[in-house]
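Colleague: I'm new to this one, so could you walk me through it?
Modeller: Sure, have a look at it and then ask away.

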Amino acid sequence: MESLGDTLWDIVICGTGLQQSLLALSLSRTGKKILHIDPNEYYGGPDAAFSLQEAEAWVDRHASISSGVFRSASITKPEGSAGLSFSRAYSLALTPQLIHARSKLLSQLVSSRAYKQVEFLAVGSFFTFKPSTDPEQKPTLARVPSTREDVAFETTLSLKAKRGLMKFLKFVLDFEGETQLAVWQPHANSPFNEFLQQEFKMDAELQKYIITLTLSLDGQMSTRDGLAIIYRHLTSMGFFGPGFAAVYPKWGGISEIAQVACRAGAVGGAVYMLGTGIKSQEISDNDIELQLTSGDKVKTKLLVQADDKTEGTFSISRLTAIVASPLKGLFESVVEGAPLPAVSVTAFPAGALQTEAGESYEYPVYVVAHSSDTGECPAGQSILYLSALTTPHSQDVLKKALESFLESVGDKQIPQRLFELHYEQGRGSVESKASGLIFTLPNVSPSLAFDDAALDPIKTAWGVVMGEDASNTEYMAFPDREHADEEMSDE
Amino acid sequence: MADSAGAPRPSSSVKLVLLGEAAVGKSSLVLRFVNNDFQENKEPTIGAAFLTQKCNLPQRTIKFEIWDTAGQERFASLAPMYYRNAQAALVVYDLTKPTSLIKAKHWVAELQRQASPGIVIALVGNKLDLTSDNAGTNGEGEAAGGDEDARKVSTEEAKTYAEEEGLLFFETSAKTGYNVTEVFTAIANAIPETSLKSARGPGAAGAAGRSEEQRVNLNGPRDPNAKEGCAC
């Protein structure tokens, strides 16, 4: 077999995060010579999913790091190792994201035929956390009505509130219409919740419902963004079947898509090397010579890599907990004919939680619960992914949120926590950079729902590789590869 | 529960993964099985995500979904999704190349680490046509030259190892087709009835039957009660 150095590569892709992997998928039928490497021993980069052992190894590398996307990582096991299954029975997503049914990511996976190797599960109900006013009573979760039918059947809202909510949902469905534009454009850049209050007379409770649906971590979004996100949610509802607006890939989310996309790259002839990074590079007029950490020296016409530096101070704190309960109540289908959901989302509205010092935490906290049907934990357990904007108190607030959440969902007993992974995730540049023969993709967005903006730089990079051919090639559209005839039989 | 009672000959999908050193003939074995074809000097694998082939047993039909490594084994870069839910594996070595058996043992260990506990593994020594005990060959003018026996791995050695590890064991020739169908039939027979019930899902999980009602079909809205979960 020829050695890597004998080939002049059309492109070397470094990193197997979602973006680089989708790029490999997009180029998989072009006949380009592609070398795809990753300094990590696993696929997915910041989108990876880990077994317990892998999570522990990852924490060891990120425990005392103060720069880079991930930092301040630690693991606690409240019960020792009791109750935990074997390491590979778990698949903990580093950056779990739900994917709205209308996301272009899904339509690209369909048109590129890659979707066939991914199992998609429904994201079910959205809840808000309601603290108990009576110390004898436990806190509760209130289901967020997110369609007009939901609102109609909702029993806890006043008639007036229902009418306001109905009016708003109808408004959003046509928010780019002329009459609607006239209403919201004057508020476009002002806070979304003020708009809800002024134009729709929503009280604080209703505003919380709407803000929950946006999954905004700082709760401070503009009216323009807020409307677009609610629109995405509403138009995604029912798109792939009744009762759900978003999906989640089984076995670890985005990580699974990255693996499937890389496999498509390999099937198309790309060469894959994990555990191999770039030691040094030498740029000449027409190519770059890369010294790889494996000892190989390769030449390529283009290098595509991801930005691993963070910009600004924006950061989110995460807490991933394995709990010893199936938490069945979170994963019920509420609409006839709906697939059984494997994911649910609960928001602690801004101000619902307090810091150790007794001050209220001014941002929302989200708990995204995954049932064992996601394949991320064994039956009888669940995974809770908590996230909140980083502040000096956010890790404490997350712990409190976890306790309160478990109190609200537990029946007689509060479910046991078996394993907790804590870390912080920063945000990098949002723009791609092309300089000469090097194309740098932006950093992964730490948002809770996949943002289609992440797809644009991939297409740009694809265009750079394709050059003149880009204009007569359809992006991410391939015929089926499996044409094996099933009629033949071996007997 | 008893979901397939009454059907004349139930059909189940089985994911089978291929493993083994480069150039031992993994793809050739599959091409022989699927298309009854053999290509001399075949290029390293490009172009097939997986191939399917049915295997009819007296009691049931097994539809193999055969996954090729697509070269990702070359630098030990197979993804977890490759092993996921695999119910069978074909670990291939070249019986004219001792190092390829060592590599095969490595892959068996990897399968025991990464794959579902109940996976059926077949160890296959390929290129029997290059040996002097080449049953069923009609190969003339071999590249190796004349009647020379190129065998470097004895049947005994590989067989003993296979028995120790509880693997099925065969020596084959993808070139002549010798023993190829037999490998797949033996695998089909060895797959426990219980692991066929819900086709997918990690061996032990008690969630059998649920996975179909949950799976979201991205390819246009369809009857949600449609039973067939297979993507082909």
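Colleague: Which residues touch the most other members of the largest nonpolar core?
Modeller: Keep in mind that this is a predicted model. The largest nonpolar core holds 202 residues. Those touching the most other members come from chains A and B: V247(A), L16(B), A89(B) and V91(B).

Colleague: And which helix of chain A gives the most to this core?
Modeller: Look at residues 254–267 of chain A, which make up a helix. That helix gives nine residues to the core. Its name is α10(A).

Colleague: Where does the core lie with respect to domain 1 and domain 2 of chain A?
Modeller: Domain 1 of chain A covers 4–48 + 253–309 + 429–490, and domain 2 covers 61–250 + 312–426. Both domains give residues to the core, so it lies between them.

Colleague: How far apart are the C-alpha centres of these two domains?
Modeller: The two domains of chain A do touch, with 27 residues from domain 1 and 31 residues from domain 2 in the contact. On the domain 1 side, α10(A) gives the most, with seven residues. From C-alpha centre to C-alpha centre, the distance is 31 Å.

Colleague: Is α1(A) mostly covered or mostly uncovered?
Modeller: Helix α1(A) runs over residues 18–26. What covers its buried residues includes β2, β3, α10, β16, β23 and α12 of chain A. Nine of its nine residues are buried, so by that count α1(A) is mostly covered.

Colleague: How does the reach of α9(A) compare with what is expected?
Modeller: Helix α9(A) takes in residues 223–236, which is 14 residues. At 1.5 Å a residue, the expected reach is 20 Å. From first C-alpha to last, α9(A) comes close to that, at 20 Å.

Colleague: What do the buried residues of α9(A) pack against?
Modeller: Among those buried residues are L227(A), I230(A) and L234(A). Their partners in chain A include the strands β8 and β11. The helices they pack against are α5, α6, α7 and α8.

Colleague: Are α5(A) and α9(A) roughly parallel or roughly perpendicular?
Modeller: Their axes are 9 Å apart, and the packing angle is about 90 degrees. An angle of 65 to 115 degrees counts as roughly perpendicular. Therefore α5(A) and α9(A) are roughly perpendicular.

Colleague: Which residues of α9(A) make that contact?
Modeller: From α5(A), the contact uses L169(A), V172(A) and L173(A). On the α9(A) side, the residues are L227(A), I230(A), Y231(A) and L234(A).

Note on methods
Residues numbered from 1 in each chain as written. Chains lettered and ligands numbered in written order. Predicted model: local features only at pLDDT ≥ 70, side-chain atom pairs only at ≥ 80, totals over all residues. Core = buried A, V, L, I, M, F, W, Y, C linked by C-beta atoms within 7 Å. Buried ≥ 20, exposed ≤ 12 C-beta atoms within 10 Å, placed from the backbone. Helix = DSSP H or I, 4+ residues; strand = E, 2+ residues; numbered from the N terminus. Domains from an automatic or database assignment. Expected span 1.5 Å × (residues − 1). Contact = placed C-beta atoms within 7 Å. Axes fitted to C-alpha atoms, helices over the stretch in contact; angles between N-to-C directions. Parallel < 35°, antiparallel > 145°, perpendicular 65-115°, else oblique.
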